[in-house]
Amino acid sequence: MPQRVLVTAGASGIGREIARAFHEGGAAVFVCDVDTSGLAELERELPGVRTATCDIGNRADVRRMMVAGVASLAGLDVLVNNAGTAGPTAPVEQYDPEAWDTVMRVNLTGTFDVTRLAIPHLKRSDAGVIINMSSVAGRLGYANRSAYSASKWGLIGFTKTLAIELGEFGIRANAILPGAVAGPRIERVFEARAQASGQTVEQVKASAMANQSIKGLVDPRDIAALAVFLASDSAKAISGQILPIDNDRQQVS
Ligand SMILES: NC(=O)c1ccc[n+]([C@@H]2O[C@H](COP(=O)([O-])OP(=O)(O)OC[C@H]3O[C@@H](n4cnc5c(N)ncnc54)[C@H](O)[C@@H]3O)[C@@H](O)[C@H]2O)c1
């Protein structure tokens, strides 16, 4: 039987590449996202992939989406908690508390909501897998992005706890920690950082590369390949781990 895979926030970016990689590998894939037109485009591009509109920060949405996803896949083997929002770029004392709540609600609480509902189905799988998308900001501090960093560190604690709780059910939980990934999101991050620091975008990019052993942005297809590996039988002894894929980044900003 093909692996049954649910990917959150997969209409674009890293999630889309993850959905594509599992689909191309023969898995049955269900994708949710808040962007309905992006999902329609994905369904055209990857025939057979099923989708649902869902704001991961909305608990009722998540409940509806999980019912639809598990029904569509006739069960669940692999959950990829990819949804994450960046939040504003500002120092803590100027950080909008409402924005803090939104980042936590999507990145941390939303991941909890999806995972909580997925666990009974993963327990029925022969080899359940949970992959949480953290970030280099989940192992380092990140100036002016306190909510993002705190939420991504929170996901590490959540992942390690899931691994302990669920090991006896044959379910593995790991976190992927990407660094600066090629794509539109990182361009927005560089622009916001330039505005906050008074530097040019080019200066911000140069200093980002200065903090890496390998100079360059991460290819989202490599992150997707890591997710496919973590969900495979070859990774059957890997659980509770954090897997950076970040060109050996030593500082976030
Ligand atoms: N891109 C990077 O450089 C980078 C680095 C480290 C970690 N990450 C993490 O990887 C994940 C994916 O990042 P990305 O850069 O591909 O994201 P992105 O900004 O390109 O967005 C991907 C998708 O998320 C959807 N989305 C946003 N908020 C949502 C919500 N509340 N509910 C459902 N869908 C929502 C968007 O509609 C979009 O289709 C995130 O968790 C992010 O924090 C990204």
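Let me start with a word I'll lean on: a residue counts as near a molecule or strand if its C-beta atom, placed from the backbone, lies within 6 Å of it. This is a predicted model, so local features need pLDDT of at least 70, side-chain atom pairs count only at pLDDT 80 or more, and totals for chains, interfaces and linings use all residues. Residues are numbered from 1 along each chain as its sequence is written.

Okay, the ligand. There are 27 residues around it, and Ala 9, Gly 13, Gly 84, Val 181 and Arg 185 come nearest. What's the mix of residues in that shell? It's 13 nonpolar, 10 polar and four charged. For those classes, Ala, Val, Leu, Ile, Met, Phe, Trp, Tyr, Cys and Pro are nonpolar, Asp, Glu, Lys and Arg are charged, and the others, Gly among them, are polar.

Helices and strands here are DSSP runs numbered from the N terminus, with helices being H or I of at least four residues and strands E of at least two. Helix H1 (13–24) and helix H6 (184–197) each put at least two residues into the ligand shell. The largest share, three residues, is from H1.

Now, where does the ligand shell sit relative to the domains? Domain 1 (4–179 + 218–245) and domain 2 (182–217) both contribute residues to it, so it lies between them. Those bounds come from an automatic or database domain assignment. The C-alpha centres of the two domains are 25 Å apart. Seven residues of domain 1 are in contact with eight of domain 2, contact meaning C-beta atoms, placed from the backbone, within 7 Å. On the domain 1 side, that's three nonpolar, three polar and one charged.

On to the sheet. Seven strands make an open, parallel sheet in the order E3-E2-E1-E4-E5-E6-E7, where pairing takes at least two DSSP bridges between two strands. Strand E3 (50–53) and strand E7 (242–245) are at the edges with a single partner strand each, so one side of each has no neighbour in the sheet. From one strand to the next, the twist averages 15°. Angles run from 0 to 180 degrees between N-to-C directions, and axes are lines fitted to C-alpha atoms, for helices over the stretch in contact.

If you zoom in, strand E1 (residues 4–8) is joined to strand E4 (residues 78–81) by three bridges, and Val 5 is opposite Val 78 in E4. Helix H3 (residues 59–73) lies across E1, strand E2 (28–33) and E3, at about 165° to E2.

Last thing, back to H6. It packs with helix H7 (residues 201–210) at about 105°, axes 8 Å apart. That makes H6 roughly perpendicular to H7, the label for 65 to 115 degrees; under 35 is roughly parallel, over 145 roughly antiparallel, and the rest oblique. Among the contact residues are Phe 190 and Arg 193 of H6 and Val 204 of H7.

Note on methods
Two residues are in contact if their C-beta atoms, placed from the backbone, lie within 7 Å.
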